[in-house]
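Work through the exercises below with the sequence and the model open. Each task is followed by a solution in steps.

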Amino acid sequence: MNKTALLLVYLFIAATSAMIFASCKKDSNSSHTPSASIKDTSQTVNEAVGTVNVIVNLDQAASQALKLNFALTGTAVLNGDYEVDSASSISIPSGGTTATLKFTIFDDAIVETDKTIHVKFSSTGGVNLSKTDATITIHDNDVSQAAIGLQTDLSWDAGTLVDLDLFVANNVVIDTVAHTVTSFNLVDSSEHDKGFESVLIKNTKPDGDYYLIAYYRSGTRNVNFTLNSNGPGISNATTDDSFPVSDVGAAYFYGPIHKLGSTYTKLSGSSFNMGTLKRYVYQGKIKR
């Protein structure tokens with residue numbers, strides 16, 4: 001074989017080797033599993049923030065659509081303290097590098113300790129998770145009004161979205177045989193469509209007997225709820241109760257609470273105890 005032919009053979013072998021190397025390198029890159037991480041693993045926000053996001057980033061563009069499941073825990077109540085824009089998962093489209101889970105924080109009026117939302121992600125395949133957990137701490141921004149009256153807060157358990165309202169009434173007329181309310185006069189109301197409720201019987205209101213009203217405006221489940229009262233000489237007086245789903249559109253009246261100046265008692269001559277207030281049922285809309 002002459003020198004020219006030998007040189008051509010060498011050039012052909014070199015070109016073929018380069019092509020094989022490039023192909024192997026391309027295959028190696030395309031088979032790399034992307035890694036996902038959370039941008040902010042810990043955030044503290046004010047209750048009035050509106051929305052807060054948990055962002056997941058990939059270290060390279062996804063070659064196919066990816067799904068990340070998540071579970072929510074923490075002391076904050078879903079659909080009470082906040083709502084989230086997805087039930088259980090977020091997706092990153094093919095060619096994408098990021099996904100966002102958005103939380104809407106409810107700015108209610110009840111006085112609470114700081115609460116947390118804990119998010120834990122898990123992969124359904126096609127992605128490695130280098131960070132799986134994120135925590136949002138919600139800082140309460142409310143001030144107790146217990147110095148100027150009897151403040152009562154209404155909160156409830158986690159579950160699908162429900163709408164409970166809270167009212168104060170006087171001039172309440174009760175059918176003692178049927179144990180139901182027949183008429184009343186509303187004094188204060190808290191009617192947010194999302195988030196917990198709070199009402200106040202001011203010390204400057206006329207003396208007499210008052211009732212607290214928990215109203216199940218809408219929902220599709222049984223609801224366990226708590227009434228918590230604070231006022232002059234009264235600290236965290238609570239009672240727990242529940243609405244069956246059959247009581248959607250009904251209200252529970254708790255009382256009577258006897259007011260004399262800045263003193264609140266269950267009845268005249270008795271101490272204030274939420275657990276000893278009598279409950280009466282009202283079948284009908286409560287509207288301010």
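The exercises cover salt bridges, strand pairing, and the cavity and pocket.

The model is predicted: local features need pLDDT of at least 70, side-chain atom pairs count only at pLDDT 80 or more, and totals for chains, interfaces and linings use all residues. Residues are numbered from 1 along each chain as its sequence is written, and side-chain values use heavy atoms, with hydrogens and water left out.

**Exercise 1. Salt bridges across the chain**

Task: find which parts of the chain the salt bridge of Asp165 and Arg217 links, and state how far each of Asp165 and Arg217 is buried or exposed.

Solution.
- Step 1. Apply the criterion: a side-chain nitrogen of Lys or Arg within 4 Å of a carboxyl oxygen of Asp or Glu. The structure holds ten such salt bridges.
- Step 2. Check the pair. Between the side chains of Asp165 and Arg217 the N to O distance is 2.5 Å, a salt bridge. Asp165 belongs to strand β12 (residues 163-175) and Arg217 to strand β15 (residues 208-218), so the pair links distant parts of the chain, 52 residues apart. Strands here are DSSP runs of E, at least two residues long, numbered from the N terminus.
- Step 3. Assign the exposure classes: buried is under 20% relative accessible area, exposed over 50%, and partly exposed in between (1.4 Å probe, protein chains only). Asp165 counts as buried because its relative accessibility is 0%. Arg217 counts as partly exposed because its value is 31%.
- Step 4. Look for further partners. Asp163, Asp165, Glu191 and Arg217 are linked in a network of salt bridges.

**Exercise 2. A second pair**

Task: locate Lys259 and Asp207 in the fold and give their exposure classes.

Solution.
- Step 1. The side chains of Lys259 and Asp207 form a salt bridge at 2.9 Å, N to O.
- Step 2. Lys259 sits in strand β18 (residues 250-260), and Asp207 in the loop between β14 (197-202) and β15, so this pair ties together parts that are 52 residues apart in sequence.
- Step 3. Lys259, at 0% relative accessibility, counts as buried. Asp207, at 47%, counts as partly exposed.

**Exercise 3. The neighbours of β15**

Task: describe how β15 pairs with β12 and with β18.

Solution.
- Step 1. Two strands pair if DSSP finds at least two bridges between them.
- Step 2. Eight bridges connect β12 and β15 in the antiparallel sense, and Leu164 is placed opposite Tyr216 in β15.
- Step 3. β15 and β18 also run antiparallel, joined by seven bridges. Here Asp209 faces His258 in β18.
- Step 4. Eight of the eleven residues of β15 are buried, so the strand is mostly covered.

**Exercise 4. Two open sheets**

Task: give the strand order and pairing of the four-stranded sheet and of the five-stranded sheet.

Solution.
- Step 1. The open sheet of four strands is ordered β14-β11-β16-β17, and its pairing is antiparallel. Its edge strands, β14 and β17 (234-243), each pair on one side only.
- Step 2. Neighbouring strands of this sheet are turned by 15° against each other on average, direction ignored. The axes are lines fitted to C-alpha atoms, and angles run from 0 to 180 degrees between N-to-C directions.
- Step 3. Within this sheet, β11 (residues 149-156) and β14 share six bridges in the antiparallel sense. Leu150 stands opposite Ile201 in β14.
- Step 4. The open sheet of five strands follows the order β2-β10-β8-β4-β6 with mixed pairing. Its edge strands are β2 (42-46) and β6 (89-92), and the twist averages 25° from one strand to the next.
- Step 5. β2 runs parallel to β10 (residues 133-139), with five bridges between them. Gln43 has Ile136 as its bridge partner in β10.

**Exercise 5. Cavity and pocket**

Task: state what lines the largest cavity and the largest pocket.

Solution.- Step 1. On a 1 Å grid over the protein atoms alone, a cavity is a set of points where a 1.4 Å probe fits but cannot get out; a pocket is an open set with protein on both sides within 12 Å along at least five of seven lines; lining residues have an atom within 4 Å of a point.
- Step 2. The largest cavity has a volume of about 60 Å³, the space filled by probe spheres set on the points. Its lining includes Glu112 and Lys115, both buried and joined in a salt bridge (2.6 Å, N to O).
- Step 3. The largest pocket has a volume of about 200 Å³. Glu112 and Lys115 are among its lining residues, and β11 gives the largest share, three residues.
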